[in-house]
Structure formats: C-alpha cells, structure tokens
Amino acid sequence: MNFCLSDLVPPLRWSDAARITALADRPGLPDAWWRTLPLHRVLAVLDAEALGDLLTELALDHWPAAAVGDVLPALHVLDPDEADDPQVAIALDRAGSWHGLLALSGRELADQPFVKARPVLTALFGAVFLRMSPEEARPVSEPVPEPVSEPVEDPPDEQVAEQQAPDIPELIDAAFGDLDDQTWMVAQNRVFSDEPSDPEQLARLLAVHPSVIHDLEAALRDRLSRWLALPEAKPYNEHLTWLTDTFGAAVPKERFVTAAEWHGRELRTLEVPAWRFVLATFPGYRLFGDWLVAGDIEELRERTRSLIASAERPPTVPQALEMIGSLGVRPDVARQWLESVPQLRAQKASEISTADRQPDRQPVGQQGGQQGGLKDVALTRRCFRQPDGRWWLRVDVSGDHLNGAEVPLPSGFAAYVGLAPGEDRTVRSAAGEVGLSWHARPVLGSLQRILSEVSAEEGSHIFLTLSEEGMLRVRHLPAADGGDETSRALRLVGYTAPSGTPEQAARVIATRVGLTAPVGRPELLARLRERGDRDLLTLLG
C-alpha cells in the first residue's frame, strides 16, 4: 500500500498543509510526511486511533464546511459495522442513513442535538485507518528505523495524478507543438473547445471550403488516437483511468476542471486550458452545461426520475441518495445530482434539510400534495431540449408581450425550472430581475426590457430557460422570412443551420422533443400530437 495521507484526504491537497501546525513536528515522522511517506509507515508511528484523532482535529479546525465523506472518501466503502461506537450510532440515527451521515459537514455534525462531533469523527476516521493498518505494523512504542525519519526519495508509481501533473502538460506540448496554422485553428475552435464553432463559420474565417475544416478535424482526431496508443502517453492514459474511477456516471464540471492542478493551466502550444484537452480525449464522457456525464444526460436524468417514482413509497432524501448509487452516481456528488434533476429539484434546500432530519415529513418527488411531480417537460408543448442539455421554452412574441404583459408558462416547464404551486420568486437576467409565480397559473413577469434590448418584433421567437445557478437565459430568433416548411419547422425548435434532407430535419426535431432512440416519422408525429405542437404538425404533416 503506497498511498500517502494526502492521497486519501483531498483537502490536504487543496490546503497549504505546511502552515497547519498540527501536522508539523510529529516525533518519528519527517517533514511533509503526509505527502511523502506511505501510509503503512505512518501507521507504524501513529496508530489508527491517533491518526483518526489528528484528522478529526484538522476536519473541525481547518475544513469545518467540508462533508465528512469528502474529507475521507474511503468512508463511502467502509462497512458501517466497522465503526461500532455509541456516538456513531447516535449520529447515524440523527442523519437517517450512512450516506446521510457522510454528507454532513463537521460544523453540521456539531450542530446536531445529542451528537458529539469529535468522538464521532475520531471513530469514523479511526475505523478506516484501522482497516488499512498492515498486520505487520509495529506498535507505537517500538523504535522506528532510520528510513522512517527521512523523506522518501522516489515517490511510488501508484502516486496520484497530482504528483505526475508537472510532466503531463509537457507531454502534450511536445506531441502537438508542430501543428500548422489551419490545424491549430481547428484545434482551438473545434476539437478542444467546450463550445465548438460552426464549421461553416470557421471555413469563412480561413477562406476555405467547409470540407477542408472537416478533413482537418478528422485528421487531428486521428492523430490524437494514435498518440494515445504510444508508450509515451502512458502517464496521460493513467490519468484518464484515474478520472474514470473517480467520477462515476456524472460529475459537476467544476470538479472535473479542478480534479488536478494542471487541468486549469493553459497548454503552451495549443493555447487552451488543459481540461479542454482532457475532455476531448475522455472516452464515453460528454459535457452538458454544468455536468460531465458518461453517456446522455437526459437518459441518466430519466433513469433517476424513474428510480425515485418506482419506489413503493416516496423516499426521503437520504434514501434517494442511496438509491441513485445504483445508477453509478458517486456518493460525494449524489446530493448535487439529485438537486439538478428537473422536477425533483423543485423541493427547496430547506425542505431537503428537513427531510434529512425528519424523514417522514417531506418525501422526494412530492410537490404541492402531488406524488411524483408534475407533467414531464418532454411532453410539454413548445419545450425543446437544446444541445446544452437543457430544456428551453419557445415564446412566440405578441404585441402584448412587447407592451409588458406577463408570459404564461406551461406547468411542465414551470416544474422543470423548480417553480412550485403557490410560490413567488425572483430570478436574475442580463436585463435585470424578473418575477416568477404560480398561483392561478404559472407565469413569468414582464419581459418588455429584454425584448427591447434584443430588438424583438411581433412574430419573432424567444427561447427561455434557467441555468443551474438560477439565471434566466434568453435567446432571440427573428421572424422567418419565407423558407420551406422543413426550415420553418426547424426554426420553431430553435435550429437555424441549413435544414438538409427531410430525414435529417426529422432526426433533429425528434432529439429536441426528447426522443433519444432513432425513430420514424410516425413516432415523431405521434409525439408532437401528444405534446400538442400543432404548428409543427401542420408543417411536417
């Protein structure tokens, strides 16, 4: 076992550990022992209980806002029976579940009635270290041989990606430092971009035919594949494997970007952040807005909703957190994922907190007395899933809208953006604050200022959604001037590129109304009838 303490305790990698006095001057341990000394050699000096007590001190004094499971992620795979302690039992009863307990921060744990945070944490951390203690570990009183008092000169090969990090950007720069200007532009704007430029626009910029852009991109992606197969790319491939093992089915974009120190650095030759290079070579994962997902985000969201809805009785939040582990969502991001799923996230953070402490009061999926949430946004008229993975509502601008009238919202879309019956709230937009409310019906307040700023006219379209941060995003499409029926139908779902063949257009529209598998024209028309999109039916029928 060649792991160091900082490999197992992520906050030690985020902190300036050299300034944490509790780590320094430990008899029998060298300077910077937490990142240079394998854990079995640390446990020969500090036994499991002493090391657990030290980590408890760090968690409470230096990282009080960090979840217990984030301080020591190995707790997620610990059998709760191994932490057999009366104080742990009390805390577990208050939290409602093992994962609920690990989701609490040290500060939240200290605030729980009848719970003593320090002995709870010491017992939890100590149980993990006891499990990792080698059978041949020497007792604390046994003299420590002289290698223990010196730093390890050569870190083991299994050291985490951070210790390999300084070399990886150099590997990438060495491999891709000879790109010609056109290929470099394609790399920057297509291959290593989280918002790829349109090939036709890039072709106009470079004064070439669009086919040249496609050929350059294909050649660069082929070169990437060949480089990944070379022996010199082994450290990079090991990093990708580590990311896959760490992330599971879904991870917030922010965690991906900060997973290694060098992810945020700019690659010298490509002039893009290193995380974009990683994203382009990360097999099976795609970025959807604020989430990196293995596969399709809407499929994972639907599986999450189905899992919760199929429970015999609506689960509490801690129960739901455990349930979605079967989908491959890791415990350290399970709460974030649950709160990000449309229709489920309408439950307020305060209600989630209440559900953790009083499981019988507020089950997941129960909103306004209706079990299982409101109408699915995928079956809601004028709602379309855009390439960013979010559902957007199309509003056809009228004279009333231009004069300041409020905008009615379909209930399915209102539930998607987290609005509940009886609720009033304010959201931010680029043009100031806008009100959202649901009384007689869900409505959005006046968009007059926004419509004025985008020069909207009667007959034009705006597409609306809320970002994960609660920001109202607005996209304006001027009224179409002529065009065939297929192009007009595509415009109504927010697609403005050349229409191509009717079959290609049908695939675009099918995707935007939530049909994930390839479907025929009859299935598409049936979905549009089910949703009530009569304008699209008229154009396509």
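## Helix faces, cores and sheets in the predicted model

The face of helix H7 turned away from its buried side carries two exposed residues, Pro86 and Asp93. This is a predicted model, and H7 makes a handy way into it. On the covered side of H7 sit Gln87, Val88, Ala91 and Ala95, which are the buried residues of the helix. Looking down the axis of H7, these buried residues fall within an arc of 100°, so they line one face of the helix.

Stepping back to the whole chain, the secondary structure adds up to 29 helices and 13 strands. Of the 541 residues, 48% are buried. As for contacts between residues at least 6 apart in sequence, 62% of them join residues at least 24 apart.

H7 also turns up in the interior. The largest nonpolar core has 51 residues, and Trp33, Leu51, Phe125 and Phe129 are the ones with the most contacts inside it. Eight helices each give this core two or more residues: H1 (5–8), H3 (33–36), H4 (39–42), H5 (48–61), H6 (68–71), H7 (86–95), H8 (98–102) and H10 (117–132). The biggest share comes from H10, with 10 residues. Leu51 gives a feel for how things fit together here: leaving aside residues up to four places away in sequence, Leu51 touches Leu5, Trp33, Leu39, Val42, Leu43, Leu46 and Phe129. Apart from this core lies another one, of 38 residues, with Leu216, Leu243, Ala260 and Val272 among them.

Leu216 leads on to helix H15, where it is one of the buried residues, along with Ile213, Glu217, Leu220, Leu224 and Trp227. These buried residues cover an arc of only 100° around the axis, which puts them on the same side of H15. On the other side of H15, Asp215 and Arg226 are exposed. What do the buried residues of H15 pack against? Their partners are helices H12 (167–175), H13 (181–191), H14 (199–206), H16 (234–247) and H18 (274–280). The length of H15 checks out too: at 1.5 Å a residue, the 19 residues of this helix (residues 210–228) should span 27 Å, and the end C-alpha atoms are indeed 27 Å apart.

Next come the sheets. Strands of a sheet pair through backbone hydrogen bonds, either parallel or antiparallel. One open sheet has 3 strands in the order S1-S3-S2, with antiparallel pairing. Its edge strands are S1 (250–252) and S2 (285–288), each of which pairs on one side only. From one strand to the next, the twist averages 20°. S1 is joined to S3 (residues 291–294) by 3 bridges, the two strands running antiparallel, and Val251 stands opposite Leu292 in S3. On the S2 side, the antiparallel pairing with S3 takes in 4 bridges. There, Leu287 has Leu292 of S3 as its bridge partner, so to speak a second neighbour for a residue that also stands opposite Val251. S2 and S3 form a hairpin with 2 residues between them, and Gly289 in the turn has a positive phi of about 60°.

The other open sheet described here is built from 8 strands, in the order S6-S7-S12-S13-S9-S10-S11-S8, and its pairing is mixed. S6 and S8 (407–408) are the edge strands, each pairing on one side only. Strand S7 (residues 391–396) is mostly covered, with 5 of its 6 residues buried. How many bridges join S6 to S7? There are 3 between S6 (residues 383–385) and S7, and the two strands run antiparallel; at this pairing, Phe384 stands opposite Trp392 in S7. S7 is also joined to S12 (residues 461–466), this time by 4 bridges and again in antiparallel fashion. Across that pairing, Asp396 stands opposite His461, while the bridge partner of Val395 is Ile462.

A helix goes with this part of the sheet as well. H26 (residues 485–492) lies across S6, S7, S12 and S13 (471–477), running at about 35° to S12.

Technical notes: Residues are numbered from 1 along each chain as its sequence is written. This is a predicted model: local features need pLDDT of at least 70, side-chain atom pairs count only at pLDDT 80 or more; totals for chains, interfaces and linings use all residues. Side-chain values use heavy atoms; hydrogens and water are left out. A nonpolar core is a set of buried Ala, Val, Leu, Ile, Met, Phe, Trp, Tyr and Cys residues joined through side-chain atoms within 4.5 Å. Buried means under 20% relative accessible area, exposed over 50%, partly exposed in between (1.4 Å probe, protein chains only). Contact means heavy atoms within 4.5 Å. The expected span of a helix is 1.5 Å times one less than its number of residues. The arc is that of the directions from the helix axis to the C-beta atoms. Two strands pair if DSSP finds at least two bridges between them. Axes are lines fitted to C-alpha atoms, for helices over the stretch in contact, and angles run from 0 to 180 degrees between N-to-C directions.
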